[in-house]
Amino acid sequence: MPSNPESVLKDLEGNKFAPIYFLQGEEPYFIDKITDFIENNALPPQDRGFNQTIVYGKDTSMEAILTHAKRFPMMAERQVVLVKEAQYVQDLSKEKGIQQLISYIQNPLPSTILVFAYKYKLLDGRKALAKELDKKAVLVKSDKIQEYKLGPYIDKYVQSKGFTIEARACQVLAESIGNNMEVLTNEIDKMLINFDEPVQIDSSHIQRYIGISKDYNNFELTKSLSYKDVRNANTIIRYFAQNPKAHPLIPLLYLLYTHFTRLLLLKTNQNLGERELAGLLKVNPYFIKEYITAGKNYPLGKIIDIIGYLREADLRSKGVTANNMEESQILKELIFKILH
């Protein structure tokens, strides 16, 4: 079974290196993080000139990669061979190249750390190469973090930096930035360097250092809709209309669709307790009271209608039956239909 990126990073931080790493999957952030760690830490700086080789998939072959891997280190304990953009190594889709790699996996040179950074794709787990990697190498699967897991991930990431963060602030970041992990972690890191000592991050810090308004953001809009706060919802969408590049419509529609499909699930499971509901809806228990209130504010039939309105708005945002409507007009009409 493929390894979790975080467990592999933990081993690397403990100076536990393996002869072969094959890093694959949709999320490039974790692949880059592991590759960069090995590049910057497996060898001391003075050994890298002779003993660290970096090649790129488009410019190399399996035979060349394995020639590097089979070389002994020069005046050092080990050498590192990094294959970046490995998804472009043509031999990985050809029988000869696959067999060459399998042969090396079965008998790797212990003094070599060979790393394949195979982004945006997965090997076929049913085939010999993936099976051999899983048995005898470190095979990593780097998945996109699902939206409902972003809040806990942000909390854990901030804690790893020696800080804490409020649940509301986590939600603001998750719903405003989404699951582009490179952008998300970069924004958090840029914020944290402003503090000389650990603090608890709240929405005012996010507004000051990242530029996401603590009052006018996706999280506050869904909250206003939950509580049927017509005035605040309209204030927020007017703010969005003035800043369209910072508040694109399509990600917001996805967020609203998720919100109201959760309400649909809640309406059909009202016999459950708060903790069970939070697990079912895949939300932080801190926010479950909001969903319960929203469930009281929206009858089942209205929720079904709203999901239809969202699909209609999605089509309009893509130019279908839009009649040249701007995104702000589509959103204004959608919010009116939801609230009335």
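Trainee: Between which two elements does the loop with M75 lie?

Mentor: Helices (H or I, at least four residues) and strands (E, at least two) are DSSP runs, numbered from the N terminus. Here M75 sits in the loop that runs between α4 (62-69) and β3 (79-84). Keep in mind that this is a predicted model, where local features need pLDDT of at least 70, side-chain atom pairs count only at pLDDT 80 or more, and totals for chains, interfaces and linings use all residues. Residues are numbered from 1 along each chain as its sequence is written, and side-chain values use heavy atoms, without hydrogens or water.

Trainee: Is M75 buried or exposed?

Mentor: Buried means under 20% relative accessible area, exposed over 50%, partly exposed in between (1.4 Å probe, protein chains only). M75 counts as exposed because its relative accessible area is 73%.

Trainee: On to empty space. How much of it lies in the largest pocket?

Mentor: Rolling a probe the size of a water molecule over the atoms shows where empty space is left. On a 1 Å grid over the protein atoms alone, a cavity is a set of points where a 1.4 Å probe fits but can't get out, while a pocket is an open set with protein on both sides within 12 Å along at least five of seven lines; lining residues have an atom within 4 Å of a point. The largest pocket here holds about 940 Å³. It is lined by 40 residues, and Q171, A174, E175, S176 and G178 are the closest to its centre.

Trainee: Which helix gives the largest share of that lining?

Mentor: That's α8, with seven residues. At least two residues each come from α7 (147-160), α8 (167-177) and α13 (249-267). By class, the pocket lining has 21 nonpolar, 13 polar and six charged residues.

Trainee: And how many cavities of 30 Å³ or more are there?

Mentor: Two. The largest has about 100 Å³ of space, and its lining includes Q171, E175, H259 and R262. Helix α13 gives the largest share of this lining, four residues, and α8, α11 (218-226) and α15 (288-297) are also among the elements supplying at least two each. The classes there are five nonpolar, four polar and three charged.

Trainee: What lines the second largest cavity?

Mentor: Y309, E312, A313, R316, M325, I330, E333, L334 and K337. Two or more of these residues come from each of α16 (300-317) and α17 (327-339). This cavity has about 60 Å³ of space, and its lining has five nonpolar, no polar and four charged residues.

Technical notes. Points joined across faces, edges and corners; volume = space filled by probe spheres on them. Nonpolar A, V, L, I, M, F, W, Y, C, P; charged D, E, K, R; others polar.
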